[in-house]
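This report goes through one protein chain, from single loop residues to the chain as a whole. Please keep the sequence and the structure in view while reading.

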Amino acid sequence: MKPSPFEYHAPADLDEALDVLARVGPDGGKVLAGGQSLIPLLNMRLAAPAHLVDVNRVAGLDTVEAGPGGVRVGALARHAAVERSLPAAAVQPLLGQALRLVAHPVIRNRGTVVGSLVHADPSAELPAVLALLGGSVRLAHRGGERDVAAAEFFTGPMESDTAPGELAVSAFFPALPPRSGTAFHEVARRHGDYAMAGVAAAVTLDEDLRVTAARVACVSVGPVPMVVDVTAACGGSPVAAGGTGPDWDAAAAAVRDRIEPEDDIHATADYRRHLTGVLAVRALRGAADGAAADGVAAARAAGEGER
Ligand SMILES: Cc1cc2nc3c(=O)[nH]c(=O)nc-3n(C[C@H](O)[C@H](O)[C@H](O)COP(=O)(O)OP(=O)(O)OC[C@H]3O[C@@H](n4cnc5c(N)ncnc54)[C@H](O)[C@@H]3O)c2cc1C
């Protein structure tokens, strides 16, 4: 099918983009970024905006800035650019771990991280990453901007707190404390498909490699990414080789209790609940293993520094 008619706008800079959006946003205007979600929706006539504001010519939005506090990703930074960024991986490895699971390389060459957040598909990996890390999205409009925390940004399936006339200019993914590790595991019916279930995990340890914080964010099991703090189930336990030691089964049980999966043509709610528990154990163990390796490396570096 072909899209229904729309007026095409291609602003050359941010000011012009915000002017155009202020004019056409309330009148059914939509931002076009990588187009990997929007174009199929237009072609299937599931969306029929009167105006399309193509921001791909706007300079300065394709940045990936990694600092000690976290990684700020600009609106036109493609999945592939963030996935390949070594500074971003050093500060927040969960980004790369998640991006490897997003679609296929050709789609990652075009699709944007910020576009995926605004699109807010409950099966998408990046909203879960932002929610798990407690990140935020920066939205600009003519005359100002606002930062929205992940906990408020995802408001429902395919719904985010983005008002007509606003452009999401960047997203911020915070770093984790020292001796932290992350992992992302999912199961999809075919490689590159959206996941039937997926779990991102972050685990932080103390100097004795005991769990001080453990959280997961689950995809495809609720209307928005479901963040579950499982520290009560496994906190205080020492982590051994391979991320073993803590009672990850108890943590997974807490996750299964909190999620809200539904039946669909691909899987029953019960199957998704079971799968999420299995993936939670895998992701928590992987994250704990990474955190322990980080802790051992930090202790070794401190020891060498003293010699
Ligand atoms: C075959 C296929 C498989 C896929 N598999 C996965 C997958 O496994 N996991 C996954 O997460 N994604 C998957 N995707 C989606 C892909 O990741 C998209 O790139 C992403 O969801 C949207 O990014 P985009 O830049 O293409 O956004 P677009 O398609 O351009 O826009 C998507 C929506 O966000 C809005 N928008 C985009 N950018 C902004 C902005 N800066 N400010 C305000 N509004 C904005 C648009 O108006 C539109 O409503 C898949 C896509 C395809 C085609």
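## Ala-103 and the loop between H5 and H6

Ala-103 is placed in the loop that joins helix H5 (93-99) to helix H6 (105-110), in what is a predicted model. Although Ala-103 is not a glycine, its phi is positive, at about 50 degrees. The relative accessible area of Ala-103 is 16%, and because buried means under 20%, Ala-103 is counted as buried.

## Arg-45, a second non-glycine with positive phi

A positive phi is also found at Arg-45, where the angle is about 55 degrees although the residue is not a glycine. Arg-45 belongs to the loop between helix H2 (38-43) and strand E3 (51-54). With a relative accessible area of 45%, Arg-45 is partly exposed, whereas Ala-103 is buried.

## Helix H8 and the nonpolar cores

The largest nonpolar core comprises 51 residues, and those with the most contacts inside it are Val-113, Leu-117, Val-129, Leu-130, Val-137, Phe-154 and Phe-173. Helix H8, which covers residues 125-133, gives the most to this core, contributing 6 residues. A second core, separate from this one and made up of 34 residues, includes Leu-205, Met-226, Ala-280 and Val-281.

H8 itself is mostly covered, since 9 of its 9 residues are buried; among them are Glu-125 and Pro-127, as well as Leu-132 and Leu-133. Within this helix, Val-129 is in contact with Leu-94, Leu-95, Ala-98, Phe-173 and Phe-184, when its neighbours within four places in sequence are left aside. Just after H8, Gly-134 takes a positive phi of about 70 degrees.

## Two exposed positions

Ala-151 is part of helix H9, which runs over residues 150-153. Its relative accessibility of 71% makes Ala-151 exposed, because the cut-off for that class is over 50%. Between the C-alpha atoms of Ala-151 and Asp-206 the distance is 27 Å, with these positions 55 residues apart in sequence terms.

Asp-263 sits in the loop that leads from helix H11 (248-258) to helix H12 (269-306), and at 58% relative accessibility this residue also counts as exposed. Once residues up to four places away in sequence are set aside, Asp-263 touches Thr-268 and Ala-269. From Asp-263 to Val-221 the C-alpha to C-alpha distance is 9.8 Å, although the two residues are 42 apart in sequence.

## The chain as a whole

The secondary structure of the chain amounts to 12 helices and 14 strands. Its radius of gyration is 20 Å, close to the 19 Å that the globule rule gives for 307 residues, and the chain is therefore as compact as a globular protein of that length. Along the principal axes, the C-alpha trace spans about 60 × 50 × 30 Å.

Of the 307 residues in the chain, 48% are buried. Among the contacts with a separation of 6 or more, 64% are between residues 24 or more positions apart. The chain exposes about 14,000 Å², of which carbon and sulfur atoms supply 52%. The chain carries 27 positive and 36 negative charges, and the mean positions of these two sets are 5 Å apart.

Definitions and conventions:
Residues numbered from 1 in each chain as written. Predicted model: local features only at pLDDT ≥ 70, side-chain atom pairs only at ≥ 80, totals over all residues. Heavy atoms only, no water. Helix = DSSP H or I, 4+ residues; strand = E, 2+ residues; numbered from the N terminus. Buried < 20%, exposed > 50% of the residue type's maximum accessible area, 1.4 Å probe, protein only. Rg over C-alpha atoms; globule rule 2.2 N^0.38 Å. Contact = heavy atoms within 4.5 Å. Areas by Shrake-Rupley, 256 points an atom, 1.4 Å probe, with all protein chains shown as cover. Lys, Arg positive; Asp, Glu negative; His and termini not counted. Charge placed at Lys NZ, Arg CZ, Asp CG, Glu CD. Core = buried A, V, L, I, M, F, W, Y, C linked by side-chain atoms within 4.5 Å.
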